[in-house]
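Colleague: I should like to take a close look at a single part of this model. Please explain it in a way that a first-year student can follow.

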Amino acid sequence: MTRRRSKVVTPAEAAALVSTASTVALGGWTFYNTPMTVVRAIIRAGARDLRLVSSPGAIGPDLLIAAGCLAEIATPFLTMEQFGFAPAFRAAAREGSLKIAEIDGPGLASSLRAAADDLPFGLIHDLGTDLPAVNPEWYRPFGHPLAGGARLYAVPAAVPDVALIHAQRGDEHGNLQFLGATFFDQLIARAARTVIASVDELVSGDELRTDPRSTKIPGFLVSAVVQAGAQPCGSQGLYPPDLDHLAGYARLAATEAGRREYVERHVLQTEKV
């Protein structure tokens with residue numbers, strides 16, 4: 001009987017799957033379930049000119065900006081929540097050094113769903129926002145006899161070359177269990193060509209099968225599994241975010257020198273946070 005291949009890799013091996021100028025989708029939600037170990041490994045690997053499609057994020061996407069990894073980003077919002085604006089994102093937006101596509105949650109979900117279903121675009125209702133004016137490449141008026149007069153927009157399919165997500169538990173074959181919300185992660189996993197998942201706990205398939213309802217992403221969608229935590233972000237159901245560290249990042253990353261210092265101290269010199 002042929003044994004299935006293990007998909008467990010090191011953070012460095014996972015980072016090697018992210019090529020320069022590729023489109024990367026990042027899962028989680030602000031301070032929870034962001035695959036920070038993999039994010040730091042990608043920075044250490046020297047990735048550049050990435051196009052990021054991000055769930056509403058915080059330190060994960062902001063750190064990629066601070067490290068100079070991104071050329072473009074599409075996201076509903078980035079924030080350090082109670083600690084203020086996402087500092088690297090704010091600086092890049094002010095300086096015009098990063099191409100930013102302003103989108104909303106329905107637009108992101110529809111674009112990922114279209115990619116997952118192998119369609120060229122998805123449809124959303126006109127919600128009365130200014131987004132079509134500021135991002136006409138993403139929101140395009142769409143008329144059809146079946147619409148019954150509804151005002152619709154077509155949004156292009158977002159097909160990530162690589163998706164980065166974090167789950168609480170997984171097995172060596174990539175079956176992933178979540179102990180809380182999955183946010184956009186299930187759509188991201190279905191839409192992407194390659195999925196890299198970090199997991200807090202690597203367990204046997206037999207153990208996963210004792211709680212099948214928690215398995216939200218099947219192994220056939222996942223290309224690589226890294227046993228690693230989400231710190232300083234939290235992992236739902238296991239541990240909260242490290243608010244002291246996140247507050248410190250927000251303060252330090254407010255300046256260009258501070259951003260360089262953080263990357264050097266917490267990414268390049270050590271993996272500890």
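In what order do the 3 strands of the open sheet lie, and is the pairing parallel or antiparallel?

Modeller: The model is a predicted one, and the description that follows should be read with that in mind. The open sheet consists of 3 strands in the order β5-β7-β6, and their pairing is antiparallel. At the edges lie β5, which covers residues 121-125, and β6, which covers residues 140-142; each of these edge strands pairs on one side only. Neighbouring strands in the sheet are turned against each other by 40° on average, with direction ignored.

Let us consider one pairing in detail. Strand β7 spans residues 152-156 and is joined to β5 by 5 bridges, the two strands running antiparallel. One bridge can be followed residue by residue: Ile-124 has Tyr-153 in β7 as its bridge partner. The sheet also has a helix packed on it, namely α5, formed by residues 105-116. Helix α5 touches both β5 and β7, and its direction makes an angle of about 150° with that of β5.

A pair of helices may be set beside this picture. Helix α9 (residues 243-252) packs with helix α10 (residues 256-268) at an angle of about 140°, and their axes are 8 Å apart. Angles over 145 degrees would count as roughly antiparallel, so α9 and α10 are oblique to each other. In this contact, His-245, Tyr-249 and Leu-252 of α9 meet Gly-258, Arg-259, Glu-261, Tyr-262 and His-266 of α10. By character, the residues of the contact comprise 3 nonpolar, 3 polar and 2 charged.

Key:
Residues are numbered from 1 along each chain as its sequence is written. This is a predicted model: local features need pLDDT of at least 70, side-chain atom pairs count only at pLDDT 80 or more; totals for chains, interfaces and linings use all residues. Side-chain values use heavy atoms; hydrogens and water are left out. Two strands pair if DSSP finds at least two bridges between them. Helices (H or I, at least four residues) and strands (E, at least two) are DSSP runs, numbered from the N terminus. Axes are lines fitted to C-alpha atoms, for helices over the stretch in contact, and angles run from 0 to 180 degrees between N-to-C directions. Contact means heavy atoms within 4.5 Å. Angles under 35 degrees count as roughly parallel, over 145 as roughly antiparallel, 65 to 115 as roughly perpendicular and the rest as oblique. Ala, Val, Leu, Ile, Met, Phe, Trp, Tyr, Cys and Pro count as nonpolar, Asp, Glu, Lys and Arg as charged, and the others, Gly among them, as polar.
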